[in-house]
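Me: Please take a close look at one pocket in this model, and then at what packs around it. Give the cut-offs as you go.

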Amino acid sequence: MDAGLLVLRVVVGLLITGHGVQKVSFRLGGHGLAGGTEEFRHDGFRGGRLTAVVAGAGQIGAGLFLTAGLLTPLAAMAAMGVMTVAGTVKWPKGLWVQNDGYEYPLVLVIVSAALALTGPGAWSLDHALGVTPWPVWVAVATIVIGPASGLLTRLVLHRPPLVPEGKTHAQPAD
């Protein structure tokens, strides 16, 4: 079981880290901080550069902490928060990733929740530091607060689409 949790943490943690790196740099196919900023603006978010930096840093930190199995509930909570925001952006396109849907962010949220419930395993910094197992209430709080923080972020930072004069509903952004 510990080997399986290690593989899961390393793969998922590094993928989440990679998403953050892409938002703030030219590495891993990213378009630099300017590109990350434009991505958030295109998706209708306020805050521009600061939003891109915070999202990128959140993904990098959450991913690295999940990879190491360090403060696993907090790392899972942060990962669930940023990936919930990503899921809300992709929600209108449906579930499947081939249609740019929310399938992938959903998988990362669920895996993060599973890691919060199971713990990081014996091959982790949490275990080495003697802070595992985490109490069940910590896992439950993680699973509630993580996605809730993502939904709150969406609510606070997302601008409603503009409705042009003479139209009765918003048009999709270019």
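Reply: A pocket is found on a 1 Å grid over the protein atoms alone, as an open set of points with protein on both sides within 12 Å along at least five of seven lines (a cavity is a set where a 1.4 Å probe fits but cannot get out); lining residues have an atom within 4 Å of a point. The model is predicted: local features need pLDDT of at least 70 and side-chain atom pairs pLDDT 80 or more, while totals for chains, interfaces and linings use all residues. Residues are numbered from 1 along each chain as its sequence is written, and side-chain values use heavy atoms, with hydrogens and water left out.

The lining of the second largest pocket consists of Met 83, Thr 84, Gly 87, Thr 88, Trp 91, Tyr 102, Pro 105, Leu 106 and Val 109. Helix 4 (72-90) and helix 5 (103-118) each give two or more residues to this lining, and helix 4 has the largest share, with four. Helices here are DSSP runs of H or I, at least four residues long, numbered from the N terminus. The volume of the second largest pocket is about 170 Å³, taken as the space filled by probe spheres set on the points. Its lining has six nonpolar, three polar and no charged residues; Ala, Val, Leu, Ile, Met, Phe, Trp, Tyr, Cys and Pro count as nonpolar, Asp, Glu, Lys and Arg as charged, and the others, Gly among them, as polar.

Two of the lining residues also form a ring pair. The model has two aromatic pairs, where ring centres (for Trp, of the six-membered ring) must lie within 6.5 Å, with planes under 30 degrees apart stacked, over 60 edge-to-face and the rest tilted. The centres of the Phe 40 and Phe 45 rings are 5.8 Å apart and their planes are at 80 degrees, so this pair is edge-to-face. The rings of Trp 91 and Tyr 102 have centres 4.6 Å apart and planes at 25 degrees, so they are stacked. Both Trp 91 and Tyr 102 lie in the loop between helix 4 and helix 5, so their pair ties together parts that are 11 residues apart in sequence. Trp 91 is exposed at a relative accessible area of 56%, whereas Tyr 102 is buried at 18% (buried is under 20%, exposed over 50%, partly exposed in between, with a 1.4 Å probe and protein chains only).

Helix 4 and helix 5 also contribute to the packing elsewhere. The largest nonpolar core has 17 residues, and Ile 16 and Leu 66 have the most contacts inside it. Helix 1, helix 3, helix 4 and helix 5 each supply at least two residues of this core. Such a core is a set of buried Ala, Val, Leu, Ile, Met, Phe, Trp, Tyr and Cys residues joined through side-chain atoms within 4.5 Å. Apart from it lies another core of six residues, including Phe 40, Phe 45, Ala 52 and Val 85.

Leaving out residues up to four places away in sequence, Ile 16 touches Gln 59, Gly 63, Leu 66, Ala 79, Leu 108 and Ser 112, contact being heavy atoms within 4.5 Å. Phe 40 belongs to helix 2 (residues 32-42), where Gly 32, Leu 33, Gly 36 and Thr 37 are buried as well. Helix 1 (2-24) and helix 3 (48-68) are among the elements that cover the buried residues of helix 2.
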